[in-house]
Each structure stands twice: as structure tokens, then as C-alpha cells.
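Work through the exercises below with the structure open. Try each task before reading its solution.

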Amino acid sequence: MSGVIRRVIFSKLAPMVVGSPYNQAVQAGQTVYVSGVLGLNCETMKLVEGGAVKEAEQALQNLGHILTAADSDYSKVVKNTVFLDNIEDFAAVNEVYKKYFKEPFPARSCFQVAKLPLGAKVEIETVALSGTVTDVKS
């Protein structure tokens with residue numbers, strides 16, 4: 001077999017996707033594309049209470065489970081896109097973010113959007129690498 005292998009990634013420890021047709025993540029070769037992750041409680045499929053900070057914490061925990069299922073982790077993340085329903089939450093969410101991502105930090109964008117699924121305050125979309133990764137400074 002030649003070419004790039006495409007694999008659907010799924011973790012039972014992370015919430016199911018909200019609707020369809022999409023997956024928690026898809027891996028193509030060594031690259032993992034994680035769909036937007038919300039601060040959902042896996043058991044209840046409801047957003048955690050406590051605002052943007054609590055949702056960010058839960059979303060990043062959910063992200064960790066998906067990354068693990070893809071033979072990846074926070075250190076292998078190359079790009080995050082953070083969507084906020086209120087850009088005023090940027091600094092508070094950033095404090096949570098720093099608990100999960102260390103140097104060398106991934107690339108990142110952050111936007112305020114008009115509305116997120118289920119009325120969420122935070123959604124995080126990720127691109128990561130799977131398997132063995134070597135960091136090289138340029």
C-alpha cells in the first residue's frame with residue numbers, strides 16, 4: 001500500500017461530537033487535525049458551569065484525551081485556534097492555556113466570534129503531530 005494513511009481518531013474519554021457529520025479528529029500521515037473542542041462534561045454532554053475559564057479548562061482536558069488517542073500530546077501541538085464568544089475573556093483563558101502548553105509554544109490564533117455551538121464561551125481547534133517528534137531551533 002502506498003500513499004498517506006487517513007485514520008479517524010476517537011476517544012471515549014472525550015465528549016461525542018455535537019451533531020454530525022464530523023469526527024473528534026482525523027489523522028493524515030503524522031498530522032492530526034482536531035475538530036473544535038468545547039468545555040463539555042463527557043458524561044452529561046453539557047457545558048461545565050463557571051464561565052470561560054472553567055470551559056477552557058474542560059476543553060483542554062478533552063483535547064488531551066483526543067491527542068492521547070492519536071499517539072500525541074500537548075507538546076506535539078503545532079497550531080491552535082481559540083474561539084471566544086467575548087474577547088474580554090482573552091487574558092483569563094490565556095492563564096488556563098499556559099497550564100497546558102509550554103515552550104516551544106505552538107502557533108495560535110484567537111478570535112471573538114458571534115456565537116459558538118451550545119452557547120459555549122470557548123472552543124479550541126488544534127493541529128498536532130503524532131508519534132515521535134524532534135524539536136529543532138532555527
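**Exercise 1.** This model is predicted. Find which residues of α1 and α2 meet, and classify them.

*Solution.* Start with α1: Ala 52, Val 53, Ala 56, Glu 57, Leu 60 and Gln 61 make the contact. On the α2 side, their counterparts are Ala 92, Val 93, Val 96, Tyr 97, Lys 99 and Tyr 100. Now sort the contact residues of α1 with α2: 9 are nonpolar, 1 is polar and 2 are charged.

**Exercise 2.** Describe how α1 and α2 are oriented against each other.

*Solution.* Take α1 as residues 51–69 and α2 as residues 90–100. Their packing angle is about 25 degrees, and the axes lie 9 Å apart. Angles under 35 degrees count as roughly parallel, so α1 is roughly parallel to α2. The crossing of α1 and α2 is right-handed.

**Exercise 3.** Give the strand order of the sheet and identify its edges.

*Solution.* Trace the 6 strands: the order is β1-β2-β3-β6-β4-β5. The sheet is open, with mixed pairing. Next, look for strands with a single partner: β1 (6–9) and β5 (107–112) stand at the edges, so each has one side without a neighbour in the sheet. From one strand to the next, the twist averages 15 degrees.

**Exercise 4.** In what sense do β4 and β5 pair, and where does α1 pack?

*Solution.* β4 (residues 77–84) pairs with β5 in the parallel sense, over 6 bridges. One bridge to check: Leu 84 has Gln 112 in β5 as its partner. Then turn to α1, which packs on the sheet and touches β1, β2 (25–28), β3 (31–38), β4 and β6 (122–129). The direction of α1 makes about 150 degrees with that of β3.

Notes:
Residues numbered from 1 in each chain as written. Predicted model: local features only at pLDDT ≥ 70, side-chain atom pairs only at ≥ 80, totals over all residues. Heavy atoms only, no water. Axes fitted to C-alpha atoms, helices over the stretch in contact; angles between N-to-C directions. Helix = DSSP H or I, 4+ residues; strand = E, 2+ residues; numbered from the N terminus. Parallel < 35°, antiparallel > 145°, perpendicular 65-115°, else oblique. Left-handed = near helix turned anticlockwise from the far one by under 90°. Contact = heavy atoms within 4.5 Å. Nonpolar A, V, L, I, M, F, W, Y, C, P; charged D, E, K, R; others polar. Pairing = 2+ DSSP bridges.
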